[in-house]
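Reader: I should like to go through this structure and ask on what grounds each of its descriptions rests. Please set the values against the criteria as we proceed.

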Amino acid sequence: MNRKVLIGGLFIIVPVVAVLLLSLGNDPQRIRSPLIGHHAPPFTLRESGSSAIIALDDLRGSPVVVNFWATWCVPCFEEHQFLVAEAANHPEVKFVGIVFDDQERTIQDFLARNGTGYPHLLDAGGRTAIAYGIYGVPESFFLDRRGVIVAKHEGPMTEDVFGAGLKKATAE
Amino acid sequence: MTPLLGRVLVLLALFCAAAGSVIAFSAGARRSLTGYQWARKFAYSFCGFMVAANVLMTYALVTHDFSVSYVAQVGSRSVPLWVSFVSLWSSLEGSILFWGLILSLYIAAATFANRDQHLEYMPYATGVWLACATFFSFLISGPAQPFLTMTPVPADGPGPNPLLQNHILMAIHPPFLYLGYVGMTIPFGLASAALLTGKLGHSFLRPLRTWLLVPWIFQTCAIVLGGWWAYEVLGWGGYWAWDPVENASLLPWLTATAAVHSLVVLERKGFLKGWTVTLIMSTFLLTILGTFMTRSGVFNSVHSFTQSSIGPTILVFLALALIWTVVLLASRVDTLIAEGTLDDPLSRESAFLVNNLLFVLLTFTILIGTVFPLVVEAMKGVQMSVGRPYFDRMSVPIGVALLFLMGVGPALPWGRSSGRQMLRSLLPPLIGGVALASIGAAMGVRNPWTLLTLFFGGYTAQVTMREMWRPMVQRMRKHGDKPLEAFVEGQLRRGRRRFGAYIVHSGAVVVFISIAVSSTMQTSRQVHLRSGESTTLGPYTLKFLGVEERPEPNRQSTIARVAVSRNGKQLAVMTPRMNQYLTQREPVGTPDVRTSLSSDLYLSILNVDPATQTVGFLALINPMVGWIWIATAVMAFGGVIALVSPRKAAERSALAPSTNFGAPVHGPGSEPVVEGSS
């Protein structure tokens with residue numbers, strides 16, 4: 001055994017592997033949303049498949065989950081069932097879907113096949129998505145009773161994330 | 001049905017790789033020819049199943065079978081057929097499946113090419129290849145499974161990342177990169193086999209060199225194709241940004257290039273065995289590190305679309321490969337006994353040695369710059385990035401020194417030589433150096449590094465030309481051959497490898513000069529123009545004619561029309577675009593590049609203001625950029641010339657095929673070095 005080679009090799013590889021190991025889980029592109037702790041940007045949008053107009057102000061007084069999604073996004077498709085089920089389980093929470101960059105006919109097809117559960121609003125020109133700083137879909141915001149954003153989640157919703165977000169949104 | 005069939009094929013491939021690897025190692029340890037024959041069968045079967053799995057996935061993509069999870073993720077009915085094809089490598093799961101395909105083809109080819117040769121080494125080499133194949137098959141069958149079943153089946157998918165749909169180069173760059181990256185597994189296996197047997201015989205250098213050169217050629221093309229893609233698509237006017245993933249492709253190329261050179265010394269002089277093996281193994285490790293960089297999501301990069309959750313799995317594989325390499329080197333490197341020594345510090349072999357050290361220094365410099373942000377974040381929790389100034393400042397001097405050595409090395413004779421001989425060799429090329437630097441200065445080059453590059457470039461070009469044609473000239477002088485006869489005999493038959501190597505060098509000189517000139521002599525202008533307005537850039541007048549909207553199934557394009565004239569003479573109408581893909585909010589620009597041999601006129605849209613009908617343009621004159629693409633093709637061509645040895649077939653038939661283990665290992669004295677090898 002050549003000790004010099006062994007020690008020299010370990011001298012290089014141990015720090016490299018250690019640094020890579022410590023870096024796992026870091027997302028260099030993650031930017032903490034500046035909206036957290038602030039009032040959610042208001043919106044007044046038409047519901048898909050109807051002529052009803054829904055404004056964020058109308059929802060004040062209840063915890064709100066705002067979910068940005070699209071029919072062409074596979075993770076959105078996967079989380080849809082979960083959100084519909086949670087909306088049924090939590091009648092005290094208002095759920096709102098905001099459909100990003102999509103067509104009404106496709107949205108209606110999607111909802112007819114996969115269930116509605118709560119209103120889905122049309123975001124013409126993506127203005128609301130821009131106001132919320134949406135990076136990609138799905139993204140979800142948890143608002144407390146006063147309309148303040150208390151948590152944000154990028155990517156499909158999981159049980160843990162939903163539970164934690166809801167806890168913050170319902171805390172007095 | 002398709003997802004199930006895909007999963008079965010991948011599992012069968014995993015089984016063949018794992019079983020083949022165990023059998024191959026056992027055959028190597030027990031010197032069992034039958035065992036090795038079985039291992040070969042498993043290697044071929046692994047290839048068969050991997051090919052079938054890839055054909056199945058391609059079929060599913062082309063036929064829009066959204067019951068396959070990967071197709072649901074990257075497929076779309078609205079994209080053109082070629083985009084459906086390239087979707088195979090456009091996202092994580094598919095690209096790992098594609099990796100498996102390339103690896104399986106390499107393993108099958110290398111196994112077949114050496115089926116009756118090097119029987120002492122081959123079982124171990126096959127064992128290592130199939131062990132790597134086991135890991136990648138495991139990834140495909142588990143953490144990066146592309147054949148999951150979608151229920152309910154979606155009606156359509158989003159299509160691949162818009163950046164990948166934006167240019168046809170995306171159909172070419174990734175396969176070349178994979179052919180380069182994945183191919184480095186083969187020399188890694190061969191080098192491991194040399195260490196496991198404790199021998200690196202002269203005859204084994206040939207497969208080692210061949211299977212290092214093949215991926216090297218692909219990697220050379222891939223790096224430059226990536227730069228070309230960035231230049232043609234990203235719209236900022238450059239081709240290299242020291243992005244972590246760009247660096248990840250360069251790092252193994254640097255060590256592989258060093259290894260190609262150290263192999264020449266090993267072949268000629270019989271020393272640098274341990275060093276060469278270390279370089280080859282490091283090359284493989286750097287490809288795995290690069291894979292981790294691209295897939296783990298810990299680096300901020302233009303390639304972030306391939307980020308995923310398989311980072312930890314790749315890190316485990318990287319750690320195992322590192323431990324394997326270090327332990328194997330530490331325990332076996334002393335058994336690789338050198339057959340020669342360095343006779344004279346002023347010889348060609350010592351120039352090779354310095355060249356190797358510079359390549360390794362450059363590798364470390366770039367590696368440190370790339371990994372440093374992670375170190376800072378791990379220690380201080382602060383996000384930072386190492387930018388272009390560091391990489392430029394560190395790599396330019398080393399690059400220029402390498403260019404210098406590329407001229408001085410081949411000018412120096414092998415072994416000892418007299419001072420007079422040396423001066424006769426080293427002094428005349430100074431004419432080339434001074435001439436090129438003077439031409440550059442006369443044309444307005446003022447940057448000292450660019451002038452130095454031109455000087456060394458001219459020097460190296462003269463040496464390269466002299467050495468490249470020396471065998472032909474000598475034949476004409478000594479034997480009185482006619483030029484064509486001397487060319488065929490001196491360049492193509494006897495000195496083919498040498499000829500190929502100097503073709504590579506001549507291409508490299510042009511690449512060096514083009515990079516230096518294009519990065520220091522650029523002219524740029526950013527302007528906002530309304531329809532009908534003009535601007536000037538260097539000798540060109542650019543008149544903005546207006547914008548046109550063009551709807552396509554998968555995108556909406558805004559095309560600006562700009563009339564280009566020079567000295568009042570109309571040259572062309574350039575049409576840079578801004579593409580808005582249905583699935584992405586941010587538009588993707590496509591610059592229009594008008595290429596000529598001397599410079600490119602580069603025009604890209606920065607923004608469009610529909611309210612005022614104003615378009616922001618970035619206009620650039622990039623000198624010599626086109627030469628980078630041409631010279632790289634020359635380098636690859638030289639590599640192919642050096643690779644294909646017409647004497648190989650003759651030699652193979654002259655040597656009786658050894659069917660027993662323990663065939664004699666040739667030393668430098670027992671087998672002639674191929675005449676004229678550089």
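Reader: Which residue of β9(B) stands opposite B:Asp592, and what makes β8(B) and β9(B) a pair?

Author: In this predicted model, B:Asp592 stands opposite B:Leu603 in β9(B). Strands β8(B) and β9(B), the latter spanning residues 599-609, are joined by four bridges in the antiparallel sense. Pairing requires at least two bridges, so the four bridges between β8(B) and β9(B) satisfy the criterion.

Reader: What is the order of the sheet that contains these strands, and why are β1 and β8 of chain B placed at the edges?

Author: The sheet is open and has four strands, in the order β1-β10-β9-β8 of chain B, with antiparallel pairing. Strands β1 (523-530) and β8 (592-595) of chain B each have a single partner strand, so one side of each lacks a neighbour in the sheet, and they stand at the edges. On average, neighbouring strands of this sheet are turned by 15° against each other, direction ignored.

Reader: What makes β4(B) and β5(B) a hairpin, and in which sense do they pair?

Author: Strand β4 (residues 555-566) and strand β5 (residues 569-574) of chain B pair in the antiparallel sense over five bridges. Two residues lie between β4(B) and β5(B) in the hairpin. In the turn, B:Asn567 has a positive phi of about 50°. Within the paired stretch, B:Ser565 stands opposite B:Gln570 of β5(B).

Reader: Why are α11(B) and α12(B) called roughly antiparallel?

Author: Helix α11 (residues 244-269) and helix α12 (residues 273-296) of chain B pack at an angle of about 165°, and their axes are 8 Å apart. Angles over 145 degrees count as roughly antiparallel, and α11(B) and α12(B) are therefore described in that way. The crossing in which α11(B) passes α12(B) is left-handed.

Reader: What lies in the loop between α11 and α12 of chain B, and how do you know whether B:Leu272 is buried or exposed?

Author: B:Leu272 is found in that loop. B:Leu272 has 26 other C-beta atoms within 10 Å; the threshold for a buried residue is 20 or more, so B:Leu272 is buried. Although B:Leu272 is not a glycine, its phi is positive, at about 75°.

Reader: Why is B:Trp242 assigned to another class of exposure, namely partly exposed?

Author: B:Trp242 has 19 C-beta neighbours inside 10 Å. A buried residue needs 20 or more and an exposed one has 12 or fewer, so B:Trp242 counts as partly exposed. B:Trp242 is placed in the loop between α10 (205-233) and α11 of chain B. Phi of B:Trp242 is near 55°, a positive value in a residue other than glycine.

Reader: How do you know the orientation of α18(B) and α20(B), and which residues meet there?

Author: The axes of α18 (residues 448-478) and α20 (residues 496-520) of chain B come within 9 Å and cross at roughly 165°. The limit for roughly antiparallel is over 145 degrees, and α18(B) and α20(B) are therefore roughly antiparallel to each other. Their crossing is left-handed. Residues of α18(B) in this contact include B:Trp449, B:Leu454, B:Gly457 and B:Met468; those of α20(B) include B:Phe499, B:Tyr502, B:Val509 and B:Phe512.

Reader: Where is B:Leu148, and why does it count as partly exposed?

Author: B:Leu148 lies in the loop between α6 and α7 of chain B. With 16 C-beta neighbours inside 10 Å, B:Leu148 falls between the limits of 12 and 20 and so counts as partly exposed. Not counting residues up to four places away in sequence, B:Leu148 touches B:Pro3 and B:Ser69. B:Leu148 and B:Gly6 are 142 residues apart in sequence, yet their C-alpha atoms are 8.7 Å apart.

Reader: Which residue in the loop between α6 (122-141) and α7 (162-165) of chain B is a proline, and what is the form of the peptide bond leading to it?

Author: B:Pro152 is found in that loop. The bond from B:Thr151 to B:Pro152 is cis, with omega near -10°.

Reader: Why does the radius of gyration of chain B agree with that of a compact globule?

Author: A compact globule of 678 residues would have a radius of gyration near 26 Å, and chain B has 27 Å, which agrees. Of the residues of chain B, 52% count as buried.

Note on methods:
Residues are numbered from 1 along each chain as its sequence is written. Chains are lettered from A and ligands numbered from 1 in the order in which they are written. This is a predicted model: local features need pLDDT of at least 70, side-chain atom pairs count only at pLDDT 80 or more; totals for chains, interfaces and linings use all residues. The radius of gyration is taken over C-alpha atoms; the globule rule is 2.2 Å times the number of residues to the power 0.38. Axes are lines fitted to C-alpha atoms, for helices over the stretch in contact, and angles run from 0 to 180 degrees between N-to-C directions. Angles under 35 degrees count as roughly parallel, over 145 as roughly antiparallel, 65 to 115 as roughly perpendicular and the rest as oblique. A crossing is left-handed if the near helix is turned anticlockwise from the far one by less than a right angle, and right-handed if clockwise. Two residues are in contact if their C-beta atoms, placed from the backbone, lie within 7 Å.
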